[in-house]
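Please open the model in your viewer and keep the selection tool at hand. The tour below moves from one selection to the next.

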Amino acid sequence: MLLAGINIVSPVFNKNVFSFNVFPNPTSDILNISLNLKNQSTLSYEIVDITVKNIFSQEEIKMEKGAVNKEINISEIPNGIYVLRINVNGFNSSKKITIKH
């Protein structure tokens, strides 16, 4: 899927490295990210708008293998359609998210 020049990659593409879900979607205040890391990993993520402008980012953090849950406070981000991009050990995956306050 292509959204204004942003390639939305299915998490199945990186299934051997990690898989993830976001919920609730649409969301208004808190966005939850649930990941399953196959190995100890370096994780970073960002939210970008449809012009690929960075709205929120989390620098690289080291995570242990297994289930990981993260919360992002998105209450200050305006309504709209965004892309959550996740990088795990150099492998990328993205999901479209909708923010409605």
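Begin by selecting Pro 24, which sits in the loop between β3 and β4. The model is a predicted one, and in it the peptide bond joining Phe 23 and Pro 24 is cis, with omega about -15 degrees. Next, add Pro 26 to the selection; the loop between β3 and β4 is its place as well. The bond that leads from Asn 25 to Pro 26 is likewise cis, and its omega is near 15 degrees. These bonds deserve a look because most peptide bonds are trans.

From this loop, proceed to the nonpolar core. Which members of the largest nonpolar core touch the most other members? Select Ile 33, Leu 35, Ile 47, Leu 84 and Ile 86: of the 22 residues in this core, these are the ones that do so. To see where the core comes from, colour β3 (18-23), β4 (30-37), β5 (41-48), β7 (66-73), β8 (80-88) and β9 (91-99), each of which supplies at least two of its residues.

Keep Ile 33 selected and display its surroundings. Apart from neighbours within four places in sequence, Ile 33 is in contact with Phe 20, Asn 21, Val 22 and Tyr 45. Its contacts also include Val 68, Asn 69, Lys 70 and Ile 72, together with Leu 84 and Ile 86.

Now select Glu 46, a residue of strand β5. What does the side chain of Glu 46 reach by a polar contact of 2.7 Å? The partner is the side chain of Asn 54. A further polar contact, of 2.6 Å, links the side chain of Glu 46 with that of Arg 85. Leaving aside neighbours within four places in sequence, the residues in contact with Glu 46 are Asn 54, Phe 56, Ser 57, Val 83, Leu 84 and Arg 85. For one of these, Val 83, draw a C-alpha to C-alpha distance from Glu 46: the separation is 8.1 Å in space, although the two residues are 37 apart in sequence.

Extend the view to β5 and β6, which run antiparallel and are joined by seven bridges. Within this pairing, Ile 47 has Phe 56 of β6 as its bridge partner.

Follow the hairpin of β5 and β6 to its turn, where five residues lie between the strands. Select Val 52, found in the loop between β5 and β6 (54-63). Val 52 is not a glycine, yet its phi is positive, at about 70 degrees. Such a value merits attention because most residues other than glycine have a negative phi. Is Val 52 buried or partly exposed? Val 52 counts as partly exposed because its relative accessibility is 36%.

The final selection is Asn 89, in the loop between β8 and β9. Asn 89 also has a positive phi, near 50 degrees, and is a residue other than glycine. With a relative accessible area of 39%, Asn 89 is partly exposed.

Note on methods: Residues numbered from 1 in each chain as written. Predicted model: local features only at pLDDT ≥ 70, side-chain atom pairs only at ≥ 80, totals over all residues. Heavy atoms only, no water. Core = buried A, V, L, I, M, F, W, Y, C linked by side-chain atoms within 4.5 Å. Buried < 20%, exposed > 50% of the residue type's maximum accessible area, 1.4 Å probe, protein only. Helix = DSSP H or I, 4+ residues; strand = E, 2+ residues; numbered from the N terminus. Contact = heavy atoms within 4.5 Å. Polar contact = N/O pair within 3.5 Å; in protein donor to acceptor, adjacent residues only side chain to side chain. Pairing = 2+ DSSP bridges.
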